[in-house]
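Colleague: Could you take a close look at one hairpin for me, and then carry on from there into the rest of the assembly? An informal walk-through is fine.

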Amino acid sequence: MAATLTTLPAAQVLGVSLLYLGLLFVIALVVDRRAARGRSLIASPTVYALSLAVYCTSWTFFGSVGLAATQGIAFLPTYLGPALMALLWPVLLVKCLRIAKRERITTIADFIASRYGKRRGLAALVALICVVGVLPYLALQLKAVAASFTLLTTGRAEAHGGLFGDTALVIALVMAVFTMIFGTRHLDATERHEGLVAAIAFESVVKLCAFLAAGLFVVYALFDGAAALFAQAAQDARLQRLWSFEASVGGWFDWSLLILLSMAAITLLPRQFQVAVVENIDESQLARASWLFPLYLLLINLFVLPLACAGVLLLGDAVPADNYVLALPMQAGASWLALLVFIGGTSAATGMIIVETTALATMISNDLVLPGLLHRAPTADLGRWLLRIRRAAILIVVLLGYLYFRVAGEARSLVSIGLISFAAVAQLGPAFLGGLYWRAGTRAGAYAGLALGTLIWAWTLLVPSAAATGWLPAQWLSEGPLGIGLLRPQALFGLDQLSGIAHGVFWSLLLNTAAYVFVSLATRADAQESAQAALFVDALRRGAGEPAVALWRGGVALPELRALLDRILGAERGEAVLQDYRRRRGGTVDDNDPGLLQHVESALAGAIGSASARVLVASIAREAPLGVEDVMHILDETSQVMHYSRELAARTEELRQANQRLRELDRLKDDFISTVTHELRTPLTSIRAFSEILTDNPDLDAAERQRYLGIITRETERLTRLINEVLDFAKLEQGGGEWRLEPVALAEVVRDAANATAQLYVEAGIALDLEPIDARIRVRADRDRLQQVLLNLLGNAVKFAPRGLGRVQVSVTADARDACISVRDNGPGIAEEDQALIFEKFRQGGRQSGGPLTGKPQGTGLGLPISRHIVERLGGRIWVESRPGGGATFRFTVSLETGA
Amino acid sequence: MTTKRVLIADDEENIVVSLEFLLRRLGCDVSVARDGAEALRQAQATVPDLILLDVMMPGVSGYDVCQQLRADARFAGTRIVLLTAKGREAEIARGRALGADDYIVKPFSTRELSARIRALLGLGTV
Amino acid sequence: MQQPSRRSLSLAVLGLVGFGLFNYPLLSVVDGASGPLGAPALLIYLFAVWAALIGLTLWLRR
């Protein structure tokens, strides 16, 4: 089918593009100005979520439709992964944010190097993997812009055709300038690039709107809605096969692997780490991002398949499927929409270029160039040099991307190039994830995993690329290098069941993870490494605002420290850093303060990366760094001090209470013994006195003699009772004694108890009222023990009811399960705080006048504790209801006899 | 020699009976109080020569009574003997500190009690 | 100390459930069929689950 496409003049397109880029400059500039005045615009969680959408590049904008046109839903795993990952952010990303803020992390390379002991070698390796891995991805953006520009202006599909092919170069250079201005405003890379982030968020809005506009236009203007479009597609053999999974990625395993791959990418891509972690203002921004970002992804994917179907139906092979989004409006003659789509695609591409080059430039300057520079002891103001290096790195990265695009970017589709980059950064996954959650992961393990994974990645994914373009012998692919079939890049070790990308990801990540784990297990971490491992893995156990832990020993001469700061940060910033520390310490700075070294290291880390900062501070520190044990000791101290101090406080309180309780028991025991002693001595006194009187006074008359003998007898009985009570109680306390549970008629027991105490009541002039008790109420109890409880309660009541006016009532109620016996007196009552205490051993009733020493105790004080023991052993409960002045009612329950 | 007036303050009926018997035998004029407050009232009314004071009584304790009487110059010549069923050193010391003249631990020997009271009241041997 | 909150953990679990819903064998149920509007049922299913996940996230974030 021949398609006639409405084109636009190149000058007009270029003009509009430059105008649009100018708008970006203005936005970035305004926001940066406002930020300088302290009014941050990007603190908004919406801006944060939109900046995360830098994930969607021209791969998404143009490439998804291209992929969908041939492989149906194969375009989706790339977005399903991040949508799922967003749900893990509150757990995973929060931890990264804590660590990054405390350690002043600047890039993903810095993050991993810092975790494994701040070594420059590791930082350099990660930086290298990122640069090499992401370069094709950058080239892809330039390719997309160039291709869409060519199509829009000439109607032809070649990506670079003579003069206009270099639109890519123009765009590349403009982007480089933009990034140099807004991506390197501060030396301290941990400081936020507010203008840059605002521009990125704006671009995210533009690309989404442009894509939705294209989708709506095609579905509703070119077709009569989605149903009509799909109905037409159903008639087309090329499209109908897209309905099935089979057309997509090869197999279910490939599908799952691609989702996992994109989950790794959203976390590990240098630009994603930049916007999600480095540019993050506050953890609370995550809350909105965790639903808004997935929603953004959903919206931008909504029209992908409809556009692909429309493209196949209306354009077919006339233009590459990657260009359908732009070509469809052009074919319909909607030039304004075509221009908008072009701007949207440019937005997607430029956003990615800006953030990615910012992140890569920081890595290149801090991790690749600076270590060499430091050894040559260059000029005073290293900081200015560093900014220059960073700007140069931006230019170089962009130009390298352009070079890659010109040399190798022709042959492959947008998505396949992007996936190779995804697979490269996914190699950071094991070291990254292990670093966050596995304390035993070591630097050697990280090296091993990264190196092996990257090697396999290059072999399985880069070599086929190179072979396809003729750079390497094609028979490597078909027969293996030197004819070794097992090493065929696309069927490593004979595995030929997976599609190319899944095959590469499977082998590289599998061997990467295995190498990381096994080498980690086989090696030991040094001091610095162990320290960092603990700081990373336990990041959430430390408070958010807690300062970095000082892992230095001894101090440094202040002039040397100052010289170092001035050399890197400049005199002004250097002074500010020291001032900051002074303020925190309350005025004075001590030469021998390890905390100062830590503070300076951390300030330098923000500018030059943690590894270089570590080396520099070590070069001026007076003493060697700490050994493993010292470090673990310090960490244990700091990480556990807070934990322990809290625990200690709780334990102390527990101990204090236990101690108090013990003392209380001790005191009660003393009181008890003293009371029992008193109670025993009182009858003994009478007995001895009258015995002696009778002995010494034989002249006493018979009546007097009889009277005194009677007293001796009664006091002896009293003594016996007392001793029995104490013995009973001791026995009850030990749970001993024989119990005979049988049906007992409650009315009888109450009557017997009343009869036994009747004399007491008569003597005291107290009325004892027995309410009629239903003779059928039978409880299950030991009759004698039950009687003892009643006797105790009746004896107790008679002691406290006022003489002469006293009145004690006994009543019984019953429900389905229990009988409840109440003994009520009209005595002085019991204060609420004493109501539980009176059932405790050794405790004299609080309603007595005075304390145990001065007041006269009434009995041993064992009656109520004994009663409680009995009642509880019978399965009931005993309590008192009273208020001071209102008498007291003792109640207890006993189970009713059932069955009989 | 005039008849000595003795006040017994104790809430144990039978002990009071025995003490009353013993003091009468010594020829004393005996009055009885059942608690601390009553003991104070009676003491102020009669200013006895000797008071046998139980430490553990309801209301005002023997110690309190002792302390209050010792604060009053009228009782300078009154001998005070504390009776207690808790024979601990600390309590004896406390009684002494409050101005008690003697301290008798229950159960007591009637002969010893009589001897001590005779000594305190300056009575001859029988 | 500051461990992930209950809400964070429930979101993470939602993520794992989502991974299950986005994969074999559930996808094979709708494979090849046409859904509402004549669109591939596979696509409709994935978008529906996706939207549900977003909705649930919002609900859990209340």
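In the hairpin of β6(A) and β7(A), which residue takes a positive phi, and how many residues lie between the strands?

Modeller: It's Gly885(A), with a positive phi near 90 degrees, and the hairpin has five residues between its strands. Before the rest, some housekeeping: this is a predicted model, so local features need pLDDT of at least 70 and side-chain atom pairs count only at pLDDT 80 or more, while totals for chains, interfaces and linings use all residues. Residues are numbered from 1 along each chain as its sequence is written, with chains lettered from A and ligands numbered from 1 in the order in which they are written.

Back to the hairpin. β6 (residues 878-882) and β7 (residues 888-895) of chain A pair in the antiparallel sense over five bridges (pairing takes at least two DSSP bridges; strands are DSSP E runs of at least two residues, helices H or I runs of at least four, both numbered from the N terminus). Within that ladder, Glu881(A) has Thr889(A) as its bridge partner in β7(A). Glu881(A) and Trp879(A) point to one face of β6(A) and are not buried, whereas Ile878(A), Val880(A) and Ser882(A) point to the other and are buried (20 or more other C-beta atoms within 10 Å of the residue's own, C-beta atoms being placed from the backbone; 12 or fewer is exposed, in between is partly exposed).

For a parallel counterpart, go to chain B, where five strands form an open sheet in the order β2-β1-β3-β4-β5. β2 (29-33) and β5 (102-105) of chain B are the edge strands, each pairing on one side only, and the twist averages 20 degrees from one strand to the next. At the β5(B) edge, β4 (residues 79-84) of chain B pairs with β5(B) in the parallel sense over four bridges, and Leu82(B) stands opposite Tyr103(B). Helix α5 (residues 110-121) of chain B packs on this sheet, touching β3, β4 and β5 of chain B, and its direction makes about 170 degrees with that of β5(B) (angles run from 0 to 180 degrees between N-to-C directions, with axes fitted to C-alpha atoms, for helices over the stretch in contact). Helix α1 (residues 13-25) of chain B lies across β1 (5-9), β2 and β3 (50-54), at about 165 degrees to β2(B).

Where chain A meets chain B, 21 residues of A are in contact with 20 of B (contact: backbone-placed C-beta atoms within 7 Å). α29(A) gives the most to chain A's side, 14 residues, and that side has five nonpolar, ten polar and six charged residues (nonpolar: Ala, Val, Leu, Ile, Met, Phe, Trp, Tyr, Cys, Pro; charged: Asp, Glu, Lys, Arg; polar: the others, Gly among them).

Against chain C, 35 residues of chain A are in contact with 34 of chain C. On chain A's side, 27 residues are nonpolar, six polar and two charged. α4(A) supplies the largest share, seven residues, and α10 (225-234), α12 and α14 (285-301) of chain A each supply at least two. Chain C itself has three helices and zero strands, and 24% of its 62 residues are buried.

α12 (residues 252-268) also meets α23 (residues 500-522) of chain A: their axes come within 10 Å and cross at roughly 65 degrees. Among the contact residues are Phe253(A), Leu257(A) and Leu261(A) of α12(A) and Val505(A) and Phe506(A) of α23(A).

Terms used:
Two residues are in contact if their C-beta atoms, placed from the backbone, lie within 7 Å.
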